[in-house]
Amino acid sequence: MKDIMLKITGKQLVGEEAEEKMEFITEGKLFERGGAKYLMYEESEFSGMPGCKTTLKLTDTSIRLKRIGEHADFGHEMVFEKGKRYNSRYKTPYGEMDLEILTNDVVNNLSEEGFGTIGIDYHVSLGGMAEGRNQLSIEVLQ
């Protein structure tokens with residue numbers, strides 16, 4: 001397991017324009033197991049999920065994001081695979097809602113050493129009440 005720095009950029013889009021953008025740099029860990037690379041980092045106040053640990057499992061075709069902690073209601077998972085839908089339940093302060101993700105694109109440009117970028121472009125629907133398109137970019141810095 002090695003220490004890394006991550007630059008994380010998240011965008012919520014309206015049309016092709018970013019309506020909201022969040023960007024932060026944080027420390028993380030990188031390791032490999034069973035042919036997959038894993039990135040782990042602690043969420044912050046800035047991300048709106050302090051006390052959560054996020055783990056990304058990266059394979060050639062998919063990215064699995066798993067959050068554990070208080071603001072993730074002690075565990076939430078999303079799977080991103082190009083052209084596929086992922087359905088789960090998402091707990092909010094107002095109760096559980098259906099979460100549906102349609103992944104438009106997944107890009108994994110990490111080198112053998114684990115440095116480079118990954119990107120996810122996806123549509124999300126939360127209980128049919130909130131819908132939108134999001135982009136997540138993570139740069140693993142040396």
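**Strands, rings and three residues**

Biologist: Buried or exposed: which word fits Phe80 and Tyr122?

Modeller: Cut-offs first: under 20% relative accessible area is buried, over 50% is exposed and in between is partly exposed, with a 1.4 Å probe and protein chains only. On that scale, Phe80 and Tyr122 are both buried.

Biologist: What kind of model is this?

Modeller: Residues are numbered from 1 along each chain as its sequence is written, and side-chain values use heavy atoms, with hydrogens and water left out. Local features need pLDDT of at least 70, side-chain atom pairs count only at pLDDT 80 or more, and totals for chains, interfaces and linings use all residues; the model is predicted.

Biologist: How many helices and strands does the protein chain have?

Modeller: Both are DSSP runs numbered from the N terminus: H or I over at least four residues for helices, E over at least two for strands. Read from the N terminus, the elements go β-β-β-β-β-β-β-β-β-β. The tally is zero helices and ten strands.

Biologist: What share of the exposed area comes from carbon and sulfur atoms?

Modeller: Of the chain's 142 residues, 40% count as buried. Accessible areas come from the Shrake-Rupley method with a 1.4 Å probe, and for residues only the protein chains shown count as cover. The chain exposes about 8500 Å², and the carbon and sulfur share is 47%.

Biologist: How many residues are in the largest nonpolar core?

Modeller: Such a core is a set of buried Ala, Val, Leu, Ile, Met, Phe, Trp, Tyr and Cys residues joined through side-chain atoms within 4.5 Å. In the largest one, the residues with the most contacts inside it are Leu6, Leu39, Leu56, Phe80, Ile101, Ile118 and Ile138. The number of residues in this core is 26.

Biologist: Which residues does Ile138 touch, skipping those up to four places away in sequence?

Modeller: A contact means heavy atoms within 4.5 Å. For Ile138 that gives Leu6, Lys7, Ile8, Leu39, Leu56, Gly116, Thr117 and Ile118.

Biologist: Why does Lys37 count as buried?

Modeller: Lys37 belongs to strand S3 (residues 36-42). Beyond four places in sequence, its contacts include Leu30, Phe31, Glu32, Leu110 and Gly114. Lys37 gets the buried label because its relative accessible area is 14%.

Biologist: Which residue of S4 stands opposite Lys37?

Modeller: Two strands pair if DSSP finds at least two bridges between them. S3 and strand S4 (residues 53-58) run antiparallel and are joined by six bridges. Opposite Lys37 in S4 is Leu58.

Biologist: And what is the bridge partner of Leu58 in S5?

Modeller: S4 is also joined to strand S5 (residues 62-68), antiparallel and with six bridges. A hairpin of three residues links the two. Thr54 has Arg67 as its partner in S5, while for Leu58 the partner is Ile63.

Biologist: Moving on to S6, what is the bridge partner of Lys66 there?

Modeller: S5 and S6 pair over six antiparallel bridges. Lys66 is matched in S6 with Glu77.

Biologist: How is the pair of Phe31 and Tyr38 classed?

Modeller: Rings of Phe, Tyr and Trp (its six-membered ring) pair if their centres lie within 6.5 Å; planes under 30 degrees apart are stacked, over 60 edge-to-face and the rest tilted. There are two aromatic pairs in the structure. With centres 4.9 Å apart and planes at 5 degrees, Phe31 and Tyr38 are stacked.

Biologist: How far apart in sequence are the parts that Phe80 and Tyr122 tie together?

Modeller: Phe80 and Tyr122 make a tilted pair, 4.9 Å centre to centre with 55 degrees between the planes. Phe80 is in strand S6 (residues 76-81) and Tyr122 in strand S9 (residues 116-126), so the separation in sequence is 42 residues.

Biologist: Which ring does the charged end of Arg33 sit over?

Modeller: The test is NZ of Lys or CZ of Arg within 6 Å of the ring centre and within 35 degrees of the ring normal. Arg33's charged end is 5.8 Å from the centre of the ring of Tyr38.

Biologist: Why is Lys21 called exposed?

Modeller: Lys21 lies in strand S2 (residues 17-33), and outside four places in sequence it touches Thr9, Gly10 and Lys11. Lys21 is exposed because its relative accessible area is 56%.
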